[in-house]
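Please look through the structure shown here before reading my points, and keep it open beside them as you go.

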Amino acid sequence: MQTATALAEIYTSEAGAVYQCDRQNRLLLSYGGALTVMKLDAFLRLKRTVDSISLHEMAASTSRSADLEIVTVCGCERCFILDLPQLLAFKELLDGAKFMLSLNSVLHECLQTAVA
């Protein structure tokens, strides 16, 4: 993926990447060969939705419909249809990006406290 200088890489995994655009105040999720632009609150809703899916139940179920999960949230124009391995990779990508966003916030707070 080509990134402009305005994009900051938040987190990258084998499944995709999450970038931050400071100019538009948006997060860009690169997953499955497509780029999805969303606000931070939509990203957090997407992460909560993915976190609420029971991977254990999905793996243990013998039902045909348990193989796929449809994930969509308000504020995100994309619908994700994921099987269990894709869902695991997607969850890891979102977890890593959320962790890096939290770490960045903590570092900024520490630096501002140290300067003040």
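1. This is a predicted model, and confidence is the place to begin: the chain has a mean pLDDT of 90, with 96% of its residues reaching 70 or more. Confidence is lowest in helix α2 (residues 55-60), where the mean is 90, and highest in strand β2 (residues 16-21), where it is 96. As a general caution, where pLDDT is low, the predicted coordinates should not be read in detail.

2. The largest pocket holds about 290 Å³ of space, and among the residues that line it are Gln-20, Asn-25, Arg-26, Leu-40, Lys-98 and Ser-105. Two or more lining residues come from each of β3 (26-31), α1 (40-51) and α3, and of these elements α3 gives the most, with five residues.

3. Asn-25, one of the residues lining that pocket, sits in the loop between β2 and β3 and deserves a second look, as its phi is near 55°, a positive value in a residue other than glycine. Most residues other than glycine have a negative phi. Asn-25 is also exposed, because its relative accessible area of 60% is over the 50% cut-off.

4. Which residues make the nonpolar surface patch of about 350 Å²? Phe-99, Met-100, Leu-103 and Leu-107 make it, and Leu-103 belongs to helix α3 (residues 84-115). Leu-103 counts as partly exposed because its relative accessible area is 33%, a value that lies between the cut-offs of 20% for buried and 50% for exposed; patch residues need over 30%, so Leu-103 can be part of the patch with its 33%.

Note on methods:
Residues are numbered from 1 along each chain as its sequence is written. This is a predicted model: local features need pLDDT of at least 70, side-chain atom pairs count only at pLDDT 80 or more; totals for chains, interfaces and linings use all residues. Side-chain values use heavy atoms; hydrogens and water are left out. Patches are made of residues with over 30% relative accessible area and no salt bridge: like charges are joined within 9 Å, nonpolar side chains (Val, Leu, Ile, Met, Phe, Trp, Tyr) within 5 Å. Accessible areas come from the Shrake-Rupley method with a 1.4 Å probe; for residues, only the protein chains shown count as cover. A salt bridge is a side-chain nitrogen of Lys or Arg within 4 Å of a carboxyl oxygen of Asp or Glu. Helices (H or I, at least four residues) and strands (E, at least two) are DSSP runs, numbered from the N terminus. Buried means under 20% relative accessible area, exposed over 50%, partly exposed in between (1.4 Å probe, protein chains only). pLDDT is the predictor's confidence in each residue, from 0 to 100. On a 1 Å grid over the protein atoms alone, a cavity is a set of points where a 1.4 Å probe fits but cannot get out, and a pocket is an open set with protein on both sides within 12 Å along at least five of seven lines; lining residues have an atom within 4 Å of a point. Grid points are joined across faces, edges and corners, and a volume is the space filled by probe spheres set on the points.
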